Amino acid sequence: MEGYVQAGIGVVLLIIGVLLVINLLQNHKIRQKMQKDESKLLDNYQSLKAAYEEVSQDKEELAEHCEELSRSKERMQKTAYTDYLTCLPNRLGYSEFIEAEMRGMKPDEVLAILDIDVDNFKIINESYGHSYGDDTLREIARRLTRLVLERGAYLARIGGDEFAVVLRDFSGREELEAQIQQILNYLKEPYRIGEKEFLLTVSVGVVMVPIDGTNCQVLTKNMDAAKFFAKTNGRDMYIFYDDSLSRTLAAKLELQNEIRKAIEDKAFEVYFQPQIDLSTDQIIGFEALVRWNHPERGVVPPAEFIADAEECGLIVPLGEFVLRESCQKLKKWQDEGYTKQVLAVNLSARQFKNRDFMDSVMKIIQETGVDPKQLEFEITESMALDDLEYTIKTLQSLRELGVSFALDDFGTGYSSLNYLKRLPVNQLKIDKSFMDRVLEDHSDQKIVETIIALAQALNLVVIAEGVENAEQADFLKSVSCDKAQGYLYSKPVRENDLKVFLQM
């Protein structure tokens with residue numbers, strides 16, 4: 001029995017031992033698994049830590065990138081609203097400023113906006129180069145800055161040679177006009193750019209806010225109208241906008257549209273006015289003068305449409321029409337045996353400066369077959385002086401073809417021996433304004449005598465236009481004037497009425 005008990009105890013111990021071994025093995029496996037899990041957790045922790053550090057670095061880089069983007073946006077906005085040349089606000093910045101100002105205006109508040117446009121600024125660029133032009137614009141900006149910003153005004157460059165000034169500190173119209181005149185006077189002071197010294201003037205259109213408009217678009221339109229009339233009425237002045245300006249401008253645009261249509265419909269006609277040799281009283285030539293056969297107004301003289309045609313660029317096709325018609329008529333006279341009369345044709349400034357001018361003239365001469373020796377071009381002093389070197393070169397080229405030249409309206413511009421002796425002209429035309437009062441005004445008499453003496457010294461022929469009575473003709477003969485034209489001899493006539501003059 002005792003043996004059985006011992007055997008049972010041994011079995012129990014064996015079982016316990018086996019269980020202990022199994023337990024140990026299980027614990028070992030568990031520890032191994034835990035170690036593996038711990039290692040994996042540690043690896044995961046390290047990975048997460050690295051990822052977190054990377055994300056933190058990316059976050060910092062992203063923040064820096066966002067700051068740079070914000071700075072870039074500010075720079076772009078500044079560039080978009082700033083004029084690169086003068087560093088003043090540009091047109092976009094000006095427009096937003098005006099809109100913001102109008103939204104914040106008090107009921108009794110009034111602003112004045114000045115559109116300042118430099119007169120004949122293109123001459124600076126063409127004569128001295130664009131770098132001089134840019135330096136001039138910077139100097140204008142500096143002058144305006146010194147003059148108006150200290151008063152709390154707003155200043156912007158809104159175009160190539162165009163500046164806007166917004167004034168608010170004025171007690172009334174009189175004080176406002178004094179401030180505007182001060183601006184004009186300051187900008188008229190001599191400019192010295194590099195080695196060059198020159199003068200400039202400006203034309204100013206003025207609008208009052210909110211009287212003349214309640215949004216930027218309307219104000220700009222009205223400002224342009226006022227500035228336009230400041231330029232067309234002589235420049236170097238300011239004009240306040242009123243409703244009549246818009247009506248006048250609308251009528252002008254309508255007239256320009258009518259001119260365009262008249263060119264298309266061939267509603268223009270060339271008339272001819274005889275020119276007389278004062279020593280023989282014989283007709284020695286004609287001046288070609290364009291007329292507009294208007295369906296409602298009848299025959300319209302050039303004084304009523306030439307300026308508008310010049311302004312809108314239609315003077316070029318109109319001038320080509322007149323030249324072609326004149327050459328066709330002259331060719332017809334030449335074929336009929338009238339080979340002594342010279343036909344004078346006026347050239348406009350735009351037509352003369354057009355890059356295709358020489359080609360156009362040569363083409364018309366070739367196509368019509370006219371002998372250019374009987375063709376004369378009339379140019380004005382202002383046209384000749386606008387670009388003297390171009391004028392001399394062009395006239396010399398035409399002279400080689402046989403064309404002659406007359407300097408029209410002589411005495412009304414900047415008459416000077418310095419340029420007159422260089423121009424290849426054959427004839428001077430005394431302006432009608434001197435003839436109107438030559439019998440009553442001693443000064444006009446002396447001017448006419450001086451022009452004739454000057455022409456004789458330079459071996460130039462002199463023709464006086466606007467001769468309307470025998471007394472004027474007698475005076476011209478007494479001072480040895482060569483030729484004359486005017487109503488005393490004949491009004492401009494159609495070709496059909498010209499035969500009698502050709503046969504004289």
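**Exercise 1.** What is the relative accessibility of Asp281, and as what does Asp281 count? Add its place in the chain and its phi.

*Solution.* A note on the input comes before the steps. The model is predicted, so local features need pLDDT of at least 70 and side-chain atom pairs count only at pLDDT 80 or more, while totals for chains, interfaces and linings use all residues. Residues are numbered from 1 along each chain as its sequence is written, and side-chain values use heavy atoms, with hydrogens and water left out.

- Step 1. Take the classes: buried is under 20% relative accessible area, exposed is over 50%, and partly exposed is in between (1.4 Å probe, protein chains only).
- Step 2. Asp281 has a relative accessibility of 42%, so Asp281 counts as partly exposed.
- Step 3. Asp281 is found in the loop between β8 and β9 (282–294); helices (H or I, at least four residues) and strands (E, at least two) are DSSP runs, numbered from the N terminus.
- Step 4. The phi of Asp281 is near 60 degrees, a positive value in a residue other than glycine.

**Exercise 2.** Place Asp409 in its element, give its phi, then describe the peptide bond from Val209 to Pro210.

*Solution.*

- Step 1. Most residues other than glycine have a negative phi, and most peptide bonds are trans.
- Step 2. Asp409 belongs to strand β13 (residues 404–410). Its phi is near 55 degrees, which is positive although Asp409 is not glycine.
- Step 3. With a relative accessible area of 23%, Asp409 is partly exposed.
- Step 4. Between Val209 and Pro210 the peptide bond is cis, and omega is near 10 degrees. Pro210 sits in the loop between β6 (202–209) and α6 (216–232).

**Exercise 3.** How many aromatic pairs does a search of the whole structure find? Characterise the pair of Phe268 and Phe305.

*Solution.*

- Step 1. A pair of aromatic rings is described by the distance of the centres and the angle of the planes.
- Step 2. The rule pairs rings of Phe, Tyr and Trp (its six-membered ring) with centres within 6.5 Å; planes under 30 degrees apart are stacked, over 60 edge-to-face, and the rest tilted.
- Step 3. Over the whole structure the search returns 13 aromatic pairs. For Phe268 and Phe305, the ring centres are 5.3 Å apart and the planes stand at 50 degrees, so this pair is tilted.
- Step 4. Phe268 comes from strand β8 (residues 268–277) and Phe305 from the loop between β10 (298–300) and α8 (306–311), so the pair ties together parts that are 37 residues apart in sequence.
- Step 5. Both members are buried: Phe268 has a relative accessible area of 6%, and Phe305 has a relative accessibility of 0%.
- Step 6. For Phe352 and Tyr390 the centres are 5.5 Å apart and the planes are at 70 degrees, so the pair is edge-to-face. This pair links distant parts of the chain, namely helix α10 (residues 349–353) with Phe352 and helix α13 (residues 388–401) with Tyr390, 38 residues apart.
- Step 7. Phe352 is buried at 0% relative accessibility, whereas Tyr390 is partly exposed at a relative accessible area of 25%.
- Step 8. Ring pairs join Phe352 and Tyr390 with Phe357, Phe377 and Phe405 in a cluster.

**Exercise 4.** Which residues of α4 are buried? Compare the span of α4 with the expected one, and find what Arg143 lies over.

*Solution.*

- Step 1. Helix α4 (residues 130–148) holds 19 residues. The expected span is 1.5 Å times one less than the number of residues.
- Step 2. From first C-alpha to last, α4 reaches 27 Å, close to the expected 27 Å.
- Step 3. The buried residues of α4 are Tyr132, Gly133, Thr136, Leu137, Glu139, Ile140, Ala141, Arg143, Leu144, Leu147 and Val148.
- Step 4. A charge sits over a ring if NZ of Lys or CZ of Arg is within 6 Å of the ring centre and within 35 degrees of the ring normal. Arg143 lies over the face of Tyr191, 3.8 Å from the ring centre.
- Step 5. Likewise, the charged end of Arg291 is over the ring of Tyr271, at 5.7 Å from its centre.

**Exercise 5.** How many disulfides does the count give? State whether Cys216 and Cys327 are buried or exposed.

*Solution.*

- Step 1. A disulfide is a pair of cysteine sulfur atoms within 2.5 Å. By this rule the count is zero disulfides.
- Step 2. Cys216 has a relative accessible area of 8% and is therefore buried. Cys327, at 0% relative accessibility, counts as buried.
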